[in-house]
Amino acid sequence: MRFIVSTLTLLKQLQAVSGALSSSTVLPILENFLFEIKEGNLTISATDLQTSMTTSLSVEAKENGRIAIPSRILLDTLKSLPEQPIAFSVDDKTFAIEISAGDGKYKLSGENGEDFPKIPVVENASSVNLPASVLAEAINKTIFAVSNDELRPAMTGVFCQLSTSYLTFVSTDAHKLVRYRRKDAQAASNTSFILPKKALNLLKSALPSEDVNVSVEYNNTSAFFKFGNINLVCRLIDERYPDYEAVIPQSNPNKMTIDRQSFLGSLQRVAIYANKTTHQVRLKVSGSELNISSEDIDFANEAHERLSCQYEGDDLEIGFNARFLIEMLKNLSSEEVALHMSTPNRAGLLLPQGGDENEDVLMLVMPVMLNSYA
């Protein structure tokens, strides 16, 4: 088997799917790309058995065939070569590969493409179409709050609720929670599933900047995403997602509205002086004034800042983990945000003010016990 392709074109396609490769595996063949040529079209696949990605491109080839090529050495070779035509010659019996580029020749050993795991196909699937921008925004707004705790597998992914009225995406790690809802996107029927974090990260990096249509197919075990020449299929997390609605406080009489960038900047500075274990900052709000403070008693570090805000409710003093608040504020884009609170031991709700009327964003952050310093 022999084919010719541009180094830059091939490298771009390989990088698009390389994230699906297995980083540590007992199956060495999973460290390879699968190259399949059929009628002048090259399909490249990568998988870790849970998540698989494929892409395709046109090449100069007179025969069909398939070969598994070691990913790391191929990527490193292409990165070091200038833009030029590159020829692959494969011995169909020994699976030896010779790469010719300009005056250079490089030999490596491939593996039988027939031994490569079959890329799953989603059967008996339902489908929904989403603009790439909507899917990208849903991932950006939720993925940072996904848990890394393998003992609670349901929370290691994003919970997707599809309905005939809107789509909802939820993530939580028990300390913070994000609910992102799109009112301008609907499904044909009501269903829900949990998408794993790795697949979402791959989607996030692979989605194009132009607003193409993304086809999403799903059944009880897998989800399949297709856009442009990229296909991604992932196994869903087979767990029951916690009842997140139950932890969202419904009565929050104390409501503060503040400039997002000012609030974020102040928190970032004050957090430098906070205890390195708890990362606690104290918010004290009364009238139209917010006082933000932190202290690390062990090192005699202390910081105080004062900001103007709009506030309705009783004077309140509450503690939060600064890292969680900072992360949430960074993932909002509105000029102003509202922080809705009830009591110092109940969760606060962070909400964007203004912005896209088709999106509904709610971020919940659990409080931390206030230290005794004044």
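Where in the chain is the place of Ala174? Ala174 sits in the loop between strand S13 (167-172) and strand S14 (176-182), where helices (H or I, at least four residues) and strands (E, at least two) are DSSP runs numbered from the N terminus. The model discussed here is predicted, so local features need pLDDT of at least 70 and side-chain atom pairs count only at pLDDT 80 or more, while totals for chains, interfaces and linings use all residues. Residues are numbered from 1 along each chain as its sequence is written, and side-chain values use heavy atoms, with hydrogens and water left out.

The backbone of Ala174 deserves a brief look. Its phi is near 80°, a positive value in a residue other than glycine. Ala174 counts as partly exposed because its relative accessible area is 39%; by the rule used here, buried means under 20% relative accessible area, exposed over 50%, and partly exposed in between (1.4 Å probe, protein chains only). Phe95 also has a positive phi in a residue other than glycine, near 65°. Phe95 lies in the loop between S7 and strand S8 (96-101).

Turning to the whole chain, 6 helices and 28 strands are found. The C-alpha trace spans about 80 × 50 × 35 Å along its principal axes. Of the 374 residues in the chain, 51% are buried. The accessible surface comes to about 18300 Å², and carbon and sulfur atoms account for 46% of that surface. These areas come from the Shrake-Rupley method with a 1.4 Å probe, and for residues only the protein chains shown count as cover. Contacts, defined by heavy atoms within 4.5 Å, often bridge long stretches of sequence: among those between residues at least 6 apart, 66% join residues at least 24 apart.

Charge was summarised in the same spirit. The chain holds 34 positive and 46 negative charges, and their mean positions are 2 Å apart. In this count Lys and Arg are positive and Asp and Glu negative, with His and the chain ends not counted. The place of a charge is taken as NZ of Lys, CZ of Arg, CG of Asp or CD of Glu.

Aromatic side chains come next. Rings of Phe, Tyr and Trp (its six-membered ring) pair if their centres lie within 6.5 Å, and planes under 30 degrees apart count as stacked, over 60 as edge-to-face and the rest as tilted. The chain has 7 aromatic pairs by this rule. One of them joins Phe35 and Phe88 in a tilted arrangement, at 6.2 Å centre to centre and 45° between the planes. This pair links distant parts of the chain, with Phe35 in strand S2 (residues 32-38) and Phe88 in strand S7 (residues 85-90), 53 residues apart. Both Phe35 and Phe88 are buried. Another tilted pair is made by Phe193 and Tyr218, with 5.2 Å centre to centre and 35° between the planes. Here too, distant parts of the chain are linked: Phe193 is in strand S15 (residues 191-196) and Tyr218 in strand S16 (residues 213-218), 25 residues apart. Phe193 counts as buried because its relative accessibility is 8%, and Tyr218 does so at 5%. Phe35 and Phe88 also belong to one aromatic cluster with Phe3.

Tyr218 appears again around Val128, a residue of strand S11 (residues 126-131). Not counting residues up to four places away in sequence, Val128 touches Leu162, Gln186, Ala187, Val214, Ser215, Val216 and Tyr218. With a relative accessibility of 7%, Val128 counts as buried. By contrast with these contacts, Asn321 is 38 Å from Val128, C-alpha to C-alpha, at a sequence separation of 193 residues.

A second buried position, Leu349, belongs to strand S26 (residues 348-353). Leu349 is buried because its relative accessible area is 5%. Leaving aside neighbours within four places in sequence, its contacts are Ile248, Pro249, Asn252, Ala338, Leu339, His340, Leu362, Met363 and Leu364. The C-alpha atoms of Leu349 and Lys255 are separated by 9.4 Å, although the two residues are 94 apart along the chain.

Finally, the cysteines were examined. The structure holds 0 disulfides, a disulfide being a pair of cysteine sulfur atoms within 2.5 Å. For Cys160, the nearest cysteine sulfur is that of Cys234, 9.2 Å away. Cys160 counts as buried at 2% relative accessibility, and Cys309 counts as buried at 8%.
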